[in-house]
Amino acid sequence: MSAGTPSEFVRVGMVGAGRIARVHANAYRAVARGAIVAVTDPIEAASASLSAEYGYRVVPTFADMLADPEIDAVLLATPNSMHAEQTVAALKAGKHVFCQKPISLTLPEADTVVAAAAKSDRVIQFGFMLRFTPPLPALQRRIASGELGPLIAAQAAVFGWEPSSEWFYEPKNGGGVILDTLVHFGDLVLWLFGPAEHVHTEGGAYKLAGAKKFDSPDNAIVTVKHRSGVVSSMYVTWTAGHGNFRFDVYGNEGHAGVDLVKSQALEVHLTPRAGEPDGWQYPDLVWDYGYAGEQQYFVDRILGRVDGTTAATAEEARAALALMLAAQESLDSHAIVELP
Ligand SMILES: NC(=O)c1ccc[n+]([C@@H]2O[C@H](COP(=O)([O-])OP(=O)(O)OC[C@H]3O[C@@H](n4cnc5c(N)ncnc54)[C@H](O)[C@@H]3O)[C@@H](O)[C@H]2O)c1
């Protein structure tokens, strides 16, 4: 860690005081060696309410936050279209950056983040909390160990909260359910199965008025063929509620599945092998630790206590965006879209 950052404790400034800001505020109650100390939001009532509830100092503007020497890191919880510009500005100001997903809504903007990250010695991390939600890193380790054998397919059902604001549907500000919400699983399947070869999407605006207004999907099924040969099929929805969050991976030697809502465990079933027990295993736990885990990791990276390799790099966040853009293009064009 370089000079100018305290070695014992990380002071985080929250940028944006909307719905996810509260999730992060609660998560920080379980984070050691770091705390959110300040908040800024152009809607004064929003920052005042968060400040009253969590004791944060209100900072008038984002620029004031960047200029504040009492803030080591910023947590960007703002609309998607602002992420790239705010990330680059914060890195230039010498702040560590935790940026909500997606990295941006366009690849040129994502490139500015990748370039700024490459030039900066600050920590940059993105809001892919599934990498920190215990059953999923456990699944990643099992896949990497080869336990399931050569992989064949994966199937996911992914819920997202119904949007709280209209900007989520707008192509220029939120990008719709694929870019905003499925990007979590875009990152996950690239992490687990490697780069994508092509993608095919079906879906549309089935229910939500905002989705219909902007002709932006509220439900979609995205099928990705990875270069490794694995096929990932992901159903994403803003209308099915929280009960729908499952991920299954099938290999030649077994199956592993995660239910992030009901059993909150990793279930594994291995094909019988000589000398090994067959049957179901439920070795892992709990959904809620993902948010606290990612913030603890962010803080510990800044303090130099972890190596940072679990988190998505800017290049990986860009790759997740590129995959989602191709998925959206496939939906719009009714065609299979090749990835470079
Ligand atoms: N990881 C997750 O599970 C998850 C879940 C929900 C949302 N998100 C992400 O979090 C981000 C915010 O989503 P949300 O649901 O909280 O949206 P929201 O609309 O509830 O809140 C966004 C807030 O940002 C504020 N804002 C706008 N411009 C700003 C600026 N220049 N400086 C500071 N604040 C500004 C708005 O006034 C608003 O209060 C989005 O990128 C979204 O994709 C992630």
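## Helices α5 and α10

Helices α5 and α10 are roughly antiparallel to each other, because their axes cross at roughly 170° and an angle over 145 degrees counts as roughly antiparallel. The model is a predicted one. In it, α5 covers residues 107-119 and α10 covers residues 314-333, and their axes come within 9 Å.

On the α5 side, the contact is made by L107, A110, D111, V113, V114 and A117. The α10 side supplies A314, E315, R318, L321, A322 and L325. Sorted by class, this contact has nine nonpolar and three charged residues, with no polar ones.

## Helices α6 and α7

Helix α6 (residues 135-145) and helix α7 (residues 176-193) have axes that come within 10 Å and cross at roughly 25°. That angle makes α6 roughly parallel to α7. From α6, the residues in contact are L136, P137, L139, Q140 and I143; from α7, they are L188, W191, L192 and F193. This contact has eight nonpolar residues, one polar residue and no charged residues.

The buried residues of α6 are P135, L136, P137, A138, L139, R142 and I143. Just after this helix, G146 takes a positive phi of about 85°.

## The six-stranded sheet

Strands of a sheet pair through backbone hydrogen bonds, either parallel or antiparallel. Here six strands form an open sheet in the order β3-β2-β1-β4-β5-β6, and the pairing is parallel. Strands β3 and β6 (124-126) are the edges, each pairing on one side only.

Starting from the β3 edge, β2 and β3 (residues 57-58) are joined by two bridges, with V39 partnered by V58. Strand β1 (residues 10-15) is linked to β2 by six bridges, and V10 stands opposite G34. Four bridges join β1 to β4 (residues 73-76), where the partner of V12 is A73. A73 also stands opposite H96 in β5, and the β4-β5 pairing has four bridges. Finally, three bridges connect β5 to β6, and F98 stands opposite Q125.

## Crossovers between strands

The chain goes from β1 through helix α1 (residues 19-27) to β2 in a right-handed β-α-β crossover. The step from β2 to β3 passes through helix α2 (residues 44-54) and is right-handed. Helix α4 (residues 83-92) carries the chain from β4 to β5, again as a right-handed crossover. A right-handed β-α-β unit is also made by β5, α5 and β6. Helix α5 thus takes part in this unit and in the contact with α10.

Helix α1 lies across β1, β2, β4 and β5 (96-99), and runs at about 160° to β1.

## Burial of β2 and β5

How many residues of strand β2 (residues 34-40) are buried? Five of its seven residues are, so β2 is largely enclosed by the rest of the structure.

In a regular strand the side chains alternate between the two faces of the sheet. Strand β5 is covered on both faces. H96 and F98 lie on one side, V97 and C99 on the other, and all four residues are buried. Two of these residues have bridge partners named above: H96 stands opposite A73 in β4, and F98 stands opposite Q125 in β6.

Key: Residues numbered from 1 in each chain as written. Predicted model: local features only at pLDDT ≥ 70, side-chain atom pairs only at ≥ 80, totals over all residues. Heavy atoms only, no water. Axes fitted to C-alpha atoms, helices over the stretch in contact; angles between N-to-C directions. Parallel < 35°, antiparallel > 145°, perpendicular 65-115°, else oblique. Contact = heavy atoms within 4.5 Å. Nonpolar A, V, L, I, M, F, W, Y, C, P; charged D, E, K, R; others polar. Buried < 20%, exposed > 50% of the residue type's maximum accessible area, 1.4 Å probe, protein only. Pairing = 2+ DSSP bridges. Right-handed = clockwise from strand over helix to strand, strands pointing away.
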